[in-house]
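This briefing introduces a predicted model. Please view the sequence and the structure together before reading the points that follow.

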Amino acid sequence: TVLEEIEEHNRGSLTNPMSEAEILGKFRENVEGSISPDAAERIIDCALTLDRLDDARKLSQLTVTAHD
């Protein structure tokens with residue numbers, strides 16, 4: 001049995017957008033193991049309030065990790 005599905009527009013495209021919950025879930029999956037869950041939530045919280053930040057550097061500072 002071969003199952004085939006053609007998706008006219010990729011998920012996440014302008015014509016087939018992802019919900020906010022899907023985007024946040026994808027972000028959490030992508031950063032898992034790279035940063036702590038708490039750090040991921042701080043980035044999410046900051047990104048979701050980006051329009052109210054005094055300084056966008058606050059978001060970039062959250063994405064920098066220490067290197068040995």
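In this predicted model, Glu20, Leu24, Phe27, Arg28 and Val31 of helix α1 are in contact with Ala40, Glu41, Ile43, Ile44 and Leu48 of helix α2. Of the residues that form this contact, seven are nonpolar, three are charged and none is polar. The points below describe how the two helices are placed, and then turn to each helix and to selected residues.

**The pairing of α1 and α2**

- Two packed helices are described by two quantities, namely the angle between their axes and the distance between those axes.
- For α1 and α2, the axes come within 11 Å and cross at roughly 145°.
- The crossing in which α1 passes α2 is right-handed.

**Helix α1**

- Helix α1 consists of twelve residues, and the distance from its first C-alpha to its last is 17 Å.
- This reach is close to the 16 Å expected for α1 at 1.5 Å a residue.
- Ile23 lies in α1, and its relative accessible area of 46% means that Ile23 is partly exposed.
- Gly33, just after α1, takes a positive phi of about 90°.

**Helix α2**

- Helix α2 comprises the twelve residues 37-48, which should span 16 Å at 1.5 Å a residue; the C-alpha atoms at its ends are 16 Å apart, so the expected and the computed spans agree.
- Which residues of α2 are buried? They are Ala39, Ala40, Ile43, Ile44 and Cys46.
- These buried residues lie on the same side of α2, because they cover an arc of only 165° around the axis.
- Pro37 and Asp38, on the other side of α2, are exposed.
- The buried residues of α2 pack against two helices, α1 (20-31) and α3 (57-62).

**Separation in sequence and in space**

- Ile23 and Asp38 are 15 residues apart in sequence, and their C-alpha atoms are 17 Å apart in space.
- Thr49 is placed in the loop between α2 and α3.
- Is Thr49 buried, exposed or partly exposed? Thr49 is partly exposed, because its relative accessible area is 25%, and a residue counts as buried under 20% and as exposed over 50%.
- Thr49 is 13 residues from Leu62 in sequence, and the two residues are 14 Å apart in space, C-alpha to C-alpha.

Methods:
Residues are numbered from 1 along each chain as its sequence is written. This is a predicted model: local features need pLDDT of at least 70, side-chain atom pairs count only at pLDDT 80 or more; totals for chains, interfaces and linings use all residues. Side-chain values use heavy atoms; hydrogens and water are left out. Helices (H or I, at least four residues) and strands (E, at least two) are DSSP runs, numbered from the N terminus. The expected span of a helix is 1.5 Å times one less than its number of residues. Buried means under 20% relative accessible area, exposed over 50%, partly exposed in between (1.4 Å probe, protein chains only). The arc is that of the directions from the helix axis to the C-beta atoms. Contact means heavy atoms within 4.5 Å. Axes are lines fitted to C-alpha atoms, for helices over the stretch in contact, and angles run from 0 to 180 degrees between N-to-C directions. A crossing is left-handed if the near helix is turned anticlockwise from the far one by less than a right angle, and right-handed if clockwise. Ala, Val, Leu, Ile, Met, Phe, Trp, Tyr, Cys and Pro count as nonpolar, Asp, Glu, Lys and Arg as charged, and the others, Gly among them, as polar.
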